[in-house]
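Trainee: I have a new model on my screen. Can you walk me through what I'm looking at?
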Amino acid sequence: MPSAACPLHPQAELIPVVEGAADRFWGCDGAFDYGRCPECGTWVLDPRPAPSAIGPFYAHYYSEAELAQARRAYGGLPSSRAFGIDKMRAQQVIARLKRLGATLDGRRLLDVGCGLGGFARAMRALAGMVVRGADFDPKCVAIGAELHGIEVDAGELAGLAYPEGTYDVVSSWHCLEHTYDPAAELAEMARITRPGGWLVLEVPTPSVWARVFRGRWFFLQAPTHLYHLRPATLRTLLRQSGWAPVRMERPWAATELAGSVVMALGLTGFAPRLLFGPKGLAAHLWRLLFWALLPLDLVVTGVQAALGRGGVLRVYARRDEA
Ligand SMILES: [Zn+2]
């Protein structure tokens, strides 16, 4: 497997921080190492699968079980309505962008790494934006059309070659950490955003629980998470890529603790086994344990967020005026 480096400090020799970690989130085979950049604290998957070899690690994304769950949630829901975490995120983003002076109604949004398309739908439903999605998984094209009537382009962002300055807002939820070159990804997002337009981006970041649980940290998600950026690193990458970071938040990342605990207790395949079926006794017991841990999780992760130490980093940045 090719070696990797901190996107900001490519010369720095990484300090081992996770060794031989399994893919506890999706349950794919393999053992993975992360190193910590001595300059900025960013975690880097090193070595990492070549882009041509990463595909199998996404095999469990958008399974039939996950789609059936989404169909139940969205089936019959009028297109003017949103649902669940997508609705919550959209409400928060709309309130924040309006406070920052953005106009949204009728403006164009691209959600990069749109997955099932729920966030784009929510921005259309709640803010009247004209929305589109992009995702490297070709399954998302049919899903976006079926669940939300949203057009999704399949491919890596750079390959989609949208015209310069097309979008008023680019959003990206938990996607940048999957990209091989985050600086290039941010620069491409800037190129396709009009001057003065906005970026809303969220990624996991090494929190206190990352340091405690290491290979069993909920957000580690080896080997699909290639980086876990520290706030200052992301801020610098944004500035170098044509963005002015306006606001950084560490919002409430519920389930970070409960998810880490069940993984530490031995659960492998958190998403396919606990979130999207199956129905066996073992799966029920894991689910029961996870739900039992959730009240504690909500309190602890809530306090973490209140202290500005949550496990995710949400950024609002403005495209530099030309
Ligand atoms: Zn670094």
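Trainee: What is the radius of gyration of the protein chain, and what would a compact globule have?
Mentor: The protein chain has 19 Å, and a compact globule with 322 residues would have a value near 20 Å, so the two agree. The radius is taken over C-alpha atoms, and the globule rule is 2.2 Å times the number of residues to the power 0.38. Keep in mind that this is a predicted model: local features need pLDDT of at least 70, side-chain atom pairs count only at pLDDT 80 or more, and totals for chains, interfaces and linings use all residues. Residues are numbered from 1 along each chain as its sequence is written, and side-chain values use heavy atoms, without hydrogens and water.

Trainee: How many helices and strands are there?
Mentor: The protein chain has 11 helices and 11 strands. Those are DSSP runs numbered from the N terminus: helices (H or I) of at least four residues, strands (E) of at least two.

Trainee: How much of the chain is buried?
Mentor: 52% of the 322 residues. Buried means under 20% relative accessible area (1.4 Å probe, protein chains only).

Trainee: Switching to H4. Which of its residues are buried?
Mentor: Cys140, Ile143, Gly144, Leu147 and His148, in a helix that covers residues 139–148. They line one face, because they fall within an arc of 100° seen down the axis of H4. That arc uses the directions from the helix axis to the C-beta atoms.

Trainee: What do they pack against?
Mentor: Helices H1 (64–74) and H3 (118–127), plus strands E5 (130–135) and E6 (152–154). Contact here means heavy atoms within 4.5 Å.

Trainee: And what comes just after H4?
Mentor: Gly149, with a positive phi of about 65°.

How values were computed
Buried means under 20% relative accessible area, exposed over 50%, partly exposed in between (1.4 Å probe, protein chains only).
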